[in-house]
Amino acid sequence: MISLDDFYKVMCAMVPLYSAMFVAYASVKWWKTFSPQQCAGINRFVAVFAVPVLSFHFISKNNPYQMDTKFILADTLSKVVVLMLLTTWVVGFSNGGLDWLITIFSVATLPNTLVMGIPLLRAMYGEFTESLMVQVVVLQCIIWYTLLLFLFEYRAATLLIKEQFPGAGAASISKFEIDGDVISLDGRDPLETESEFDVHGRIRVRIRRSTSSAPPESGLSSIGGLTPRPSNLSGVEIFSVNTPGRPSDLHHLAGCGYASSDAYSLQPTPRASNFNEMEAPNTTTTTAGSTPIWVRSPVAGRVFRQPSPALSSVKMVLESPSPGRERQVGKDVGADQYREKEMSFRTTPKVPAAEEEAGTKVEDDESNQEMPRAFVMLRLILTMVGRKLSRNPNTYSSVLGLLWSLISFKWDVGMPRLIDKSIKIISDAGLGMAMFSLGLFMALQPRMIACGGKRATAGMIIRFLFGPILMSAASVAVGLRSVRLHAAIVQSALPQGIVPFVFAREYGLHPDILSTGVIFGMLVSLPVTLLYYILLGL
């Protein structure tokens with residue numbers, strides 16, 4: 001039975017965190033204390049220092065040789081079961097799809113364990129749960145977020161290939177060569193592909209950033225080394241999540257030519273398009289000898305290739321999707337924040353007959369679409385995933401924290417006091433700053449429920465009901481009992497993790513749903529987890 005003293009301890013742990021979030025929200029929404037540019041600086045600190053150092057602090061203090069095997073197995077089993085169920089749905093039913101597999105998997109299995117889970121579970125069930133939560137955090141950072149990124153890059157690579165090589169042509173691709181400044185296929189930067197055919201008819205494809213992605217000369221002033229570029233959306237700059245793969249934006253902030261430090265934290269930093277996303281045409285440049293032939297594509301995202309087998313090389317420029325391939329999410333407000341790419345795997349756009357008579361070739365039936373060999377695709381995707389992870393400070397903090405804990409607890413080596421104190425002073429501020437950052441993010445959004453009532457309700461049911469039910473079943477199956485079983489269930493009912501939203505925003509896949517999960521889920525989670533805590537304590 002839960003006593004008033006137990007309830008008070010939980011509130012003492014959670015109220016300070018929510019206070020930091022609401023103070024940040026009020027500072028922007030009502031008091032106008034911070035401008036969007038100042039919010040960007042605060043969130044930059046959280047992304048680059050506070051959250052990575054906080055992760056390192058918790059992971060390095062946890063003994064990896066005393067991991068709770070059953071607890072980890074239950075958490076892993078629940079995620080694997082969800083993935084298998086969604087895969088079966090995608091393969092066996094026509095209304096399934098990779099897009100929804102990724103989104104539902106993110107909502108159902110990836111909670112905000114680091115920021116919310118550790119203090120909440122520690123207050124509810126004791127100090128030992130901190131070790132359990134840290135173990136979950138390690139697996140999320142190293143395994144599950146990497147898997148999620150793999151799925152996003154696979155989706156992006158599939159879409160790019162279908163657009164650049166429609167029909168059976170993609171089956172002849174034998175190798176992808178990616179320039180060093182391309183760190184994602186998420187489509188936010190215009191990409192250029194150069195294809196060369198060898199004597200055996202196989203294709204080697206080089207992927208590079210388009211020259212049109214260079215920022216134009218502008219009189220706009222830089223903000224902290226970041227040059228804002230005008231957006232076509234409502235005539236304002238978009239304050240959202242920084243995306244890897246925008247080296248011009250991150251050069252001065254990261255101190256290198258290209259970097260990503262935002263994939264594990266919110267980054268409402270000014271990022272605006274350097275080209276008109278709604279009006280930029282899709283253009284194909286075909287090089288035959290030394291004479292370029294320009295063909296304007298009437299269909300968004302579709303490249304029309306001249307059916308001449310004599311061409312020795314083909315250069316195709318993939319610009320941003322046009323309005324026919326995108327729709328804005330939301331009817332009234334929020335459309336300038338979240339724009340969902342409608343690049344379906346099944347729908348084929350209609351092409352005017354005049355274009356076909358002009359010599360362009362279109363695959364009307366995408367069921368004949370072929371893909372490169374599995375090894376070629378795997379190499380491409382792993383390259384992209386590796387580049388994104390290598391530019392994220394939380395990747396290093398998690399790996400270094402795990403390595404240090406392995407050394408420290410194996411040979412009983414303590415961290416030098418000077419280093420330990422330096423880390424502690426930043427990590428102590430990590431939880432509060434993470435919640436403060438979340439409050440800033442909430443205040444900058446036009447509305448909390450960006451995806452509409454029906455989708456928001458479905459997302460909350462998946463997050464707070466479907467997830468805990470699966471975790472309960474997996475925990476019982478592996479033999480978890482008593483307090484550890486209760487901790488596993490409450491942990492699965494935590495609010496939506498931030499990282500899945502960051503990825504969803506970068507790759508343009510249901511960001512409105514994930515945003516609602518982060519913002520509205522944070523408000524709903526406290527009463528929901530308290531309800532689980534009370535019911536499990538009966």
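This is a short tutorial dialogue on reading a few features of a predicted model.

User: Let's start with the overall picture. How many helices and strands does the protein chain have?

Analyst: Happy to begin there. The protein chain holds 15 helices and 10 strands. Of its 538 residues, 56% count as buried.

User: And what share of the contacts in the protein chain join residues at least 24 apart?

Analyst: Taking contacts between residues at least 6 apart in sequence, 80% join residues at least 24 apart. One pair shows what sequence separation and spatial distance look like side by side: Leu 382 and Leu 149 are 233 residues apart in sequence, yet their C-alpha atoms are 9.8 Å apart. Leu 382 belongs to helix 9 (residues 374-390), and it counts as partly exposed because its relative accessibility is 46%.

User: Could you show me another pair, with Leu 83? Which residue is 18 residues apart from it in sequence?

Analyst: That is Leu 101, and the C-alpha to C-alpha distance of the two is 7.8 Å. Leu 83 sits in helix 3 (residues 69-92). Beyond its neighbours within four places in sequence, Leu 83 is in contact with Leu 101, Phe 105 and Leu 147. With 22% relative accessibility, Leu 83 counts as partly exposed, since buried means under 20%.

User: Now the nonpolar core. What is the general idea, and which residues of the largest one touch the most other members?

Analyst: The general idea is that nonpolar side chains tend to be buried together in soluble globular proteins. Here, the largest nonpolar core has 115 residues, and Phe 176 and Leu 185 touch the most other members. Helix 6 (residues 128-164) gives the most to this core, with 18 residues.

User: What is Phe 176 in contact with, leaving aside its neighbours within four places in sequence?

Analyst: Its partners are Ile 161, Val 205, Ile 207, Pro 372, Val 376 and Leu 380.

User: Let's turn to strands. Is strand 3 largely enclosed or open to the outside?

Analyst: Strand 3 (residues 203-209) is largely enclosed by the rest of the structure, because 5 of its 7 residues are buried. Its pairing can be read strand by strand. Strand 1 (residues 173-178) pairs with strand 3 in the parallel sense over 5 bridges, and Ile 173 stands opposite Ile 203 there.

User: And strand 2: parallel or antiparallel to strand 3?

Analyst: Strand 2 (residues 191-197) runs antiparallel to strand 3, and 7 bridges join the two. Thr 193 stands opposite Ile 207, while Glu 194 has Arg 206 as its bridge partner. The two strands also form a hairpin with 5 residues between them, where Gly 201 in the turn has a positive phi of about 85°.

User: Which residues other than glycine have a positive phi?

Analyst: Two to look at are Lys 32, with a positive phi of about 55°, and Asp 412, whose phi is near 55°. Lys 32 is in the loop between helix 1 (4-29) and helix 2 (36-60), and at 60% relative accessibility it counts as exposed. Asp 412 lies in the loop between helix 10 (393-411) and helix 11; its relative accessibility of 71% makes it exposed too.

User: You mentioned helix 11. At what angle does it pack with helix 15?

Analyst: In general, two packed helices are described by the angle between their axes and the distance between the axes. Helix 11 (residues 417-444) and helix 15 (residues 511-536) pack at about 115°, and their axes are 11 Å apart. The crossing is left-handed. Helix 11 contributes Met 435, Leu 438, Phe 441 and Met 442 to the contact, and helix 15 contributes Ser 515, Val 518, Ile 519, Met 522 and Leu 523. By class, that contact has 8 nonpolar, 1 polar and no charged residues.

User: One last residue: is Asp 420 buried or exposed?

Analyst: Asp 420, found in helix 11, counts as buried because its relative accessibility is 19%, and the cut-off for buried is under 20%. Not counting residues up to four places away in sequence, Asp 420 touches Lys 61 and Met 415.

Methods: Residues are numbered from 1 along each chain as its sequence is written. This is a predicted model: local features need pLDDT of at least 70, side-chain atom pairs count only at pLDDT 80 or more; totals for chains, interfaces and linings use all residues. Side-chain values use heavy atoms; hydrogens and water are left out. Buried means under 20% relative accessible area, exposed over 50%, partly exposed in between (1.4 Å probe, protein chains only). Helices (H or I, at least four residues) and strands (E, at least two) are DSSP runs, numbered from the N terminus. Two strands pair if DSSP finds at least two bridges between them. Axes are lines fitted to C-alpha atoms, for helices over the stretch in contact, and angles run from 0 to 180 degrees between N-to-C directions. A crossing is left-handed if the near helix is turned anticlockwise from the far one by less than a right angle, and right-handed if clockwise. Contact means heavy atoms within 4.5 Å. Ala, Val, Leu, Ile, Met, Phe, Trp, Tyr, Cys and Pro count as nonpolar, Asp, Glu, Lys and Arg as charged, and the others, Gly among them, as polar. A nonpolar core is a set of buried Ala, Val, Leu, Ile, Met, Phe, Trp, Tyr and Cys residues joined through side-chain atoms within 4.5 Å.
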